[in-house]
Amino acid sequence: AIPTTVPPIMSAIFSMPPWMGIPIRSLLMMIPRTWAPKPVRYGAAAEIHPGNENTPARILRIFQDPDGRDMEMVTGVTEHEGKLYLGSLHSNCVGVVSLD
């Protein structure tokens, strides 16, 4: 489950070397939540092959709702009999995606 996109400032901070990025992230955790960027309406789920000692982990498929119109802030995904069931913090329903 991918609840929202990463704000551009966080992408920049994550690309910094750890000796620089970690202190900046620590400072950002101290600012009031009201100053933080609002989450972008977005929903996604990814199927990931975990890999093993012979093959690296990789993304097999990704399902997206880039505008968050149908399902946003996806926080839980369960597969059952060829369908994905999506849970969300912002929806009062369960999303269903057919894998066929």
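I looked first at how strand 4 (residues 83-88) meets strand 5 (residues 95-98) in this predicted model, and I found them paired in the antiparallel sense over four bridges. Strands here are DSSP runs of E with at least two residues, numbered from the N terminus, and two strands count as paired if DSSP finds at least two bridges between them. Following the chain, I saw that six residues make up the hairpin that joins strand 4 to strand 5, and that Leu86 stands opposite Gly95 in strand 5.

I noted that residues are numbered from 1 along each chain as its sequence is written. I also noted that local features need pLDDT of at least 70, that side-chain atom pairs count only at pLDDT 80 or more while totals for chains, interfaces and linings use all residues, and that side-chain values use heavy atoms, leaving out hydrogens and water.

I then turned to strand 3, which pairs with strand 4 in the antiparallel sense over six bridges, with Gly76 opposite Gly87 in strand 4.

Next I looked up the sheet, an open one of three strands in the order 3-4-5 with antiparallel pairing. Strand 3 (74-80) and strand 5 stand at its edges with a single partner strand each, so one side of each has no neighbour in the sheet.

Last, I checked two loop residues. Met73, in the loop between strand 2 (58-65) and strand 3, has a positive phi of about 50 degrees although it is not a glycine, and Met73 is buried (under 20% relative accessible area, with a 1.4 Å probe and protein chains only) at 14%. Glu81, in the loop between strand 3 and strand 4, also has a positive phi, near 50 degrees, but Glu81 is exposed (over 50%) at 70%.
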